[in-house]
Amino acid sequence: MTVAELLADSFERVNESVAGVVDGLDAALLAERLDEESNPISWLVWHLSRVQDDHVAAAFGVPQAWSAASWASRLGLPEHTRDMGYGHTPGQVAATAGAICAMPRPGKLLAEYHQAVHAQTLSLVARLSDADLDRVVDQHWTPPVTLGVRLVSVVDDDARHVGQAEYVRGILLRRAGR
């Protein structure tokens, strides 16, 4: 297995989980929070997709899918927002989830956005060699962040957030008797 194949498989697992976690959920379930401080499924999927889109695009020096296809307005968010959700207060989480879930078929839209991010990610990692992973992509940290570290970080972050979304989905469906 090559490094490109390993990364593609990792991102594919996240992609499959994203599709499954939003499948069949209506806007109310996508926006529902377990308590006032928790994140709803819609926000978790939006956030993990935004982080992947932002970080992978920056690491490869390409435009984000977010901007290239006007995903902000398609998801009911301010047109020029580049927000990813880092540091969101509970109120900001609720506002973002509310805007997304006010759109027709929000689960489908979230899955489509994630799929666009995933497709771009796969096309970028497909060309990687072992040597590429040592390229520094972010000088703002000590030590500087390499491409390999950045990609592993994104996969890890995505896997944690989609796992949280799956957990919330299970609780909500159990409460709903499904």
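In the predicted model, 44% of the 178 residues of the protein chain count as buried. The exposed surface of the chain amounts to about 8900 Å², of which carbon and sulfur atoms supply 55%. The radius of gyration is 16 Å, close to the 16 Å given by the globule rule for 178 residues, so the chain is as compact as a globular protein of that length. Along the principal axes, the C-alpha trace spans about 50 × 35 × 30 Å. The chain carries 15 positive and 23 negative charges, and the mean positions of these two sets are 5 Å apart.

The secondary structure consists of eight helices and two strands, arranged along the sequence in the pattern α-α-α-α-α-α-α-β-β-α. Of the contacts between residues at least 6 apart in sequence, 74% join residues at least 24 apart.

In soluble globular proteins, nonpolar side chains tend to be buried together. In the present model, the largest nonpolar core comprises 32 residues. Within this core, the residues with the most contacts are Val-21, Ile-41, Val-45, Trp-46, Trp-66 and Leu-75. Two or more core residues are contributed by each of helix H1 (3-22), helix H2 (27-31), helix H3 (41-60), helix H4 (65-68), helix H5 (71-74), helix H6 (90-101), helix H7 (106-125) and helix H8 (147-175). The largest share, six residues, comes from H3. Apart from this core lies another, of 14 residues, which includes Leu-7, Val-56, Leu-124 and Val-125.

Two residues of the largest core illustrate its packing. Val-21 is located in helix H1 and counts as buried because its relative accessibility is 1%, under the 20% cut-off. When residues up to four places away in sequence are not counted, Val-21 touches Ile-41, Val-45, Val-162, Ala-165, Glu-166 and Arg-169. Of these partners, Ile-41 and Val-45 are listed with Val-21 among the core residues with the most contacts. Val-21 and Val-162 are separated by 141 residues in sequence, whereas their C-alpha atoms are 7.7 Å apart in space. For Leu-75, with neighbours within four places in sequence left aside, the contacts are with Trp-46, Trp-66, Ala-99, Ile-100, Met-103, Leu-109, Leu-110 and Tyr-113. Among these, Trp-46 and Trp-66 also belong to the group with the most contacts inside the core.

Backbone geometry was examined in three loops. In the loop between H4 and H5, Ser-70 has a positive phi of about 55° although this residue is not a glycine. The relative accessibility of Ser-70 is 43%, and the residue therefore counts as partly exposed, the class between 20% and 50%. Arg-105, in the loop between H6 and H7, likewise combines a positive phi, near 50°, with a residue type other than glycine. Arg-105 counts as exposed because its relative accessibility of 58% is over 50%. The third loop connects strand S1 (136-138) and strand S2 (145-146) and contains Pro-143. The peptide bond from Thr-142 to Pro-143 is cis, with omega near -5°.

Conventions:
Residues are numbered from 1 along each chain as its sequence is written. This is a predicted model: local features need pLDDT of at least 70, side-chain atom pairs count only at pLDDT 80 or more; totals for chains, interfaces and linings use all residues. Side-chain values use heavy atoms; hydrogens and water are left out. A nonpolar core is a set of buried Ala, Val, Leu, Ile, Met, Phe, Trp, Tyr and Cys residues joined through side-chain atoms within 4.5 Å. Buried means under 20% relative accessible area, exposed over 50%, partly exposed in between (1.4 Å probe, protein chains only). Helices (H or I, at least four residues) and strands (E, at least two) are DSSP runs, numbered from the N terminus. Contact means heavy atoms within 4.5 Å. The radius of gyration is taken over C-alpha atoms; the globule rule is 2.2 Å times the number of residues to the power 0.38. Accessible areas come from the Shrake-Rupley method with a 1.4 Å probe; for residues, only the protein chains shown count as cover. Lys and Arg count as positive and Asp and Glu as negative; His and the chain ends are not counted. The place of a charge is taken as NZ of Lys, CZ of Arg, CG of Asp or CD of Glu.
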